[in-house]
Amino acid sequence: MTDAVSRQLFERAQQVVPGGVNSPVRAFRAVGGTPRFIASAHGPYLVDADGNELVDLVCSWGPMILGHAHPEVIAAVRDAAGRGTSYGAPTQAEVELAEAIVERTPVEQVRLVNSGTEATMSVLRLARAATGRDLVVKFAGCYHGHVDALLASAGSGVATLSDAAALATPASPGVPAATTAQTLVLPYNDRAAVTAAFAEHGERIACLVTEAAPGNMGVIEPGVEDGEHFNAFLARTCREHGALFVSDEVMTGFRVSRQGQYGRDGVEPDLMTFGKVMGGGFPAAAFGGRAELMQLLSPVGSVYQAGTLSGNPVASAAGATTLRLLDDDVYTRLDRSADVLRSAVAEVFTEVGLPHVVQSAGSMFSVFFTPADVDRVPDYATAQRQDTAAHAAFFHAMLDAGVYLPPSAYEAWFLSTAHDDVALSRIVEALPAAARSAAAV
Ligand code: PMP
């Protein structure tokens with residue numbers, strides 16, 4: 001498989017774009033080699049600039065739940081774009097998208113924005129304004145976008161690209177220590193740490209923000225202790241201290257069930273963030289909550305939040321059409337495909353003697369290249385025990401066989417409804433050789 005054109009494009013890109021990519025997770029820094037430049041995509045396949053067809057397990061990092069270039073989504077986009085691409089005035093399309101989100105989730109009102117980062121950034125401002133408090137609690141390894149206050153021990157690209165020393169708070173140069181000094185970072189699934197943090201700082205905590213089911217340090221399952229789900233414990237602890245519980249469903253929303261992670265654990269957050277799937281592959285995201293909180297936002301209230309392209313008509317059409325097509329049957333099919341892959345990975349890795357842990361939240365799952373003594377990955381510290389060299393070997397062997405995986409050991413694998421038996425068997429057939437390459441490292 002040649003990648004000559006991708007190499008040429010990467011050379012050009014590096015002249016004009018830092019690292020040749022517009023988001024660090026797209027680089028092949030962690031796995032080595034040249035990122036594939038994509039020319040087109042259809043269904044479960046990407047076609048790169050050299051004409052190679054790759055089964056896509058990244059799905060744009062989550063949004064493409066219906067596969068690429070779904071005919072109904074493209075028709076809605078064409079129709080919307082034909083009527084103009086942005087007006088800077090309200091439209092029916094954004095009302096329909098907001099209604100679709102409110103109908104599926106416990107939020108009463110949403111404000112549409114352009115990225116998950118904007119959604120979490122805005123939600124922090126709202127939570128701080130609503131409580132009159134400054135502190136924010138987050139979990140190590142959870143990623144909520146590149147918001148200054150939340151770039152402390154963050155997952156995703158930060159986990160992939162930072163060396164361990166840089167992971168001390170703040171996680172990136174340029175983030176003022178004064179900003180992350182307002183952020184408490186705790187180990188995920190650690191109830192004692194949460195209880196202790198609230199006992200000490202409870203009266204100063206505006207909100208606790210968590211990924212509804214973390215996917216940015218690999219997929220981590222929220223634990224259940226004495227019948228209580230971790231999210232229920234977090235919501236209860238926040239309530240006891242007058243803090244707001246913020247569930248970040250940017251990744252899980254409308255992906256792990258029609259109602260996102262909320263549909264799986266039933267825990268009602270005070271505020272929520274959404275993105276990815278709800279934009280149908282366009283820049284669209286949202287945050288929402290009870291009307292009484294959302295009414296604090298400008299122009300009703302005094303908490304300022306705005307956006308030139310927010311609720312963009314083309315993005316709203318793509319998002320609303322995507323949500324409309326996501327009936328319960330879709331999730332049954334996604335769960336089935338995820339089962340096929342998970343079992344195939346577990347079987348093949350076990351056969352070649354490659355230690356691993358597979359974890360999931362609904363159809364969202366990831367494979368950890370952890371040592372043999374690890375049988376569960378409950379937090380970031382355990383995720384960091386992965387053999388990233390084995391992962392890199394696996395990644396490249398899969399790519400050579402025509403399967404495009406996330407170029408990082410800290411990311412979820414994403415499936416779409418377009419991953420049919422043909423696409424799934426191409427993945428399954430590639431596994432044994434790739435697992436052997438990883439085991440040989
Ligand atoms: N929150 C979560 C849980 C995410 O997974 C992401 C992106 N991976 C974000 C927020 C940030 O979203 P965006 O990249 O659209 O800014």
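Biologist: In this predicted model, what is the order of the strands in the open sheet of 4 strands, and which of them stand at the edges?
Modeller: The open sheet of 4 strands shows mixed pairing, and its order is β1-β2-β3-β15. Each of the two strands at its ends has a single partner strand, so one side of each is left without a neighbour in the sheet, and these edge strands are β1 (38–42) and β15 (403–404).

Biologist: How many bridges join β2 to β3, and which residue in β3 does Leu46 stand opposite?
Modeller: Strand β2, residues 45–48, and strand β3, residues 53–56, run antiparallel, and the number of bridges that join them is 3. The residue of β3 that stands opposite Leu46 is Leu54.

Biologist: In what order do the 7 strands of the other open sheet follow one another, and by what angle are neighbouring strands turned against each other on average?
Modeller: The pairing in this sheet is again mixed, and the order of its strands is β4-β12-β11-β10-β7-β5-β6. Its edge strands, which pair on one side only, are β4 (109–113) and β6 (183–186). With direction ignored, the average turn between neighbouring strands of this sheet is 20°.

Biologist: Within that sheet, how many bridges join β11 to β12, and what is the bridge partner of Leu271?
Modeller: Strand β11 covers residues 271–274 and strand β12 covers residues 285–289; the two run antiparallel, and the bridges that join them number 4. On the β12 side, the partner of Leu271 is Gly289.

Biologist: Which strands does helix α3 lie across, and which strands does α8 lie across?
Modeller: Helix α3, residues 92–104, runs at about 130° to β4, and the strands it lies across are β4, β11 and β12. Helix α8 runs at about 150° to β10, and the strands it lies across are β7 (205–211) and β10 (244–249).

Biologist: Are α7 and α8 roughly parallel or roughly antiparallel to each other, and which residues make the contact?
Modeller: Helix α7, residues 191–201, and helix α8, residues 230–240, pack with their axes 11 Å apart and at an angle of about 10°. Angles under 35 degrees count as roughly parallel, and α7 and α8 are therefore roughly parallel to each other. By class, the residues of this contact comprise 4 nonpolar, 2 polar and 1 charged. Those making the contact are Arg191, Val194, Thr195 and Phe198 of α7, together with Phe233, Leu234 and Thr237 of α8.

Biologist: Which residues come nearest to the ligand, and which helix gives the largest share of the shell around the ligand?
Modeller: The shell around the ligand has 5 nonpolar, 9 polar and 2 charged residues. Of the 16 residues around the ligand, those that come nearest are Ser115, Gly116, Thr117, Gly145 and Val250. The largest share of the shell, 3 residues, comes from helix α4 (residues 116–131).

Biologist: How far apart are the centres of domain 1 and domain 2, and which element gives the largest share of the side of domain 1 that touches domain 2?
Modeller: The domain assignment places 4–65 + 327–439 in domain 1 and 71–325 in domain 2, and their centres, taken over C-alpha atoms, are separated by 25 Å. Domain 1 brings 30 residues to the contact and domain 2 brings 34 residues; on the domain 1 side these divide into 18 nonpolar, 8 polar and 4 charged. At least two residues of that side are supplied by each of α12 (328–351), β13 (357–361), β14 (364–368) and α13 (380–383). The largest share, 4 residues, comes from β14.

Key: Residues are numbered from 1 along each chain as its sequence is written. This is a predicted model: local features need pLDDT of at least 70, side-chain atom pairs count only at pLDDT 80 or more; totals for chains, interfaces and linings use all residues. Domain bounds come from an automatic or database domain assignment. Two residues are in contact if their C-beta atoms, placed from the backbone, lie within 7 Å. Ala, Val, Leu, Ile, Met, Phe, Trp, Tyr, Cys and Pro count as nonpolar, Asp, Glu, Lys and Arg as charged, and the others, Gly among them, as polar. Two strands pair if DSSP finds at least two bridges between them. Axes are lines fitted to C-alpha atoms, for helices over the stretch in contact, and angles run from 0 to 180 degrees between N-to-C directions. Angles under 35 degrees count as roughly parallel, over 145 as roughly antiparallel, 65 to 115 as roughly perpendicular and the rest as oblique. A residue is near a molecule or strand if its C-beta atom, placed from the backbone, lies within 6 Å of it.
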